[in-house]
Amino acid sequence: MKNLTLYTIGSPNGIKIPILLEELKLDYTLVNIDITKNEQFSATFSAVNPRHKIPVLIDKEYPNGESNVIAESCSILLYLADKYNNFISNDMISRTKTIEWLFYQASTEGTVFGAYGHFSTYHNDKIIDPYPRERYLKETIIVLNYINSELNNKLFLVDNKYSIADIAMFPWIIWIINFYNIEDVIDMSIYSNITDWVARCCARPETIKGLDTYHYLNIKNNQ
């Protein structure tokens, strides 16, 4: 019986955990929660996470039959990195920087990119006022400028080593390109630090396995 059960879907937040689980070479059971069918509101999943959000990881590797149930993608990344002492540095400065990136992803990158996608892609035909779309496009550019500058002369976000900071951040870049068609309004060639970084992340064999959990690398071709 596998000790780890992951409830998720192939969203930019949902794909982070399969990537790390594969990088850690851990055995796990994956349970797909199709949010397009409102499965997150089912009685079964509500019992797992009453907040009705994916991903959720259940770790049964505890004595006396106890389980640890962890929600929120960045929290799960930090939990796994700490438990298995990998993909996060033990150096306090580097560790703090990694956690800073996790907070930035959850508070800024994900929310800004998500809002841009909402107003520019999913509901663009229903929105007459251009303000929301224009506002979040400007915010998206600010985020891209920041990430690109932080990657200057770097292979990865922290200490030039692949970490949970990268795993938290780069799936959203793939998402805004493949689903939100950001290249229709932004010349991504000016963000070569970002595109090169994403390519490095996606070239890792174990990360590829995590991405292939939901055929993430083939999303564009399957639309």
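**Aromatic pairs and nonpolar cores**

User: Is Phe87 buried or exposed in this one?
Analyst: In this predicted model, Phe87 is buried, with a relative accessible area of 11%.

User: Which residue does Phe87 form an aromatic pair with?
Analyst: Phe87 pairs with Tyr162. The geometry is edge-to-face, 6.2 Å centre to centre with 85° between the planes.

User: Where do the two sit?
Analyst: Phe87 is in the loop between α3 and α4, and Tyr162 is in the loop between α5 and α6, so the pair ties together parts that are 75 residues apart in sequence. Tyr162 also counts as buried, at 8% relative accessibility. Phe87 and Tyr162 form one aromatic cluster with Phe156.

User: How many aromatic pairs in the whole structure?
Analyst: The search finds 8. One of the pairs is Trp101 with Tyr104, edge-to-face at 5.8 Å centre to centre and 85° between the planes. Both residues lie in helix α4, 3 residues apart, about one turn of the helix. Both are buried.

User: Switching to the core. How many residues in the largest nonpolar one?
Analyst: It has 61 residues. Leu80, Leu144, Phe170, Ile173, Ile194 and Trp197 have the most contacts inside it.

User: Which element gives the largest share?
Analyst: Helix α6, with 12 residues. Apart from this core lies another of 9 residues, among them Ile33, Ile54, Val56 and Ile58.

User: And Thr5, what does it touch?
Analyst: Leaving out residues up to four places away in sequence, Thr5 touches Thr29, Val31, Val56, Leu57 and Ile58. Thr5 is in strand β1 and is buried, at 11% relative accessible area.

Conventions. Residues numbered from 1 in each chain as written. Predicted model: local features only at pLDDT ≥ 70, side-chain atom pairs only at ≥ 80, totals over all residues. Heavy atoms only, no water. Helix = DSSP H or I, 4+ residues; strand = E, 2+ residues; numbered from the N terminus. Buried < 20%, exposed > 50% of the residue type's maximum accessible area, 1.4 Å probe, protein only. Contact = heavy atoms within 4.5 Å. Core = buried A, V, L, I, M, F, W, Y, C linked by side-chain atoms within 4.5 Å. Phe/Tyr/Trp six-rings, centres within 6.5 Å; stacked < 30°, edge-to-face > 60°.
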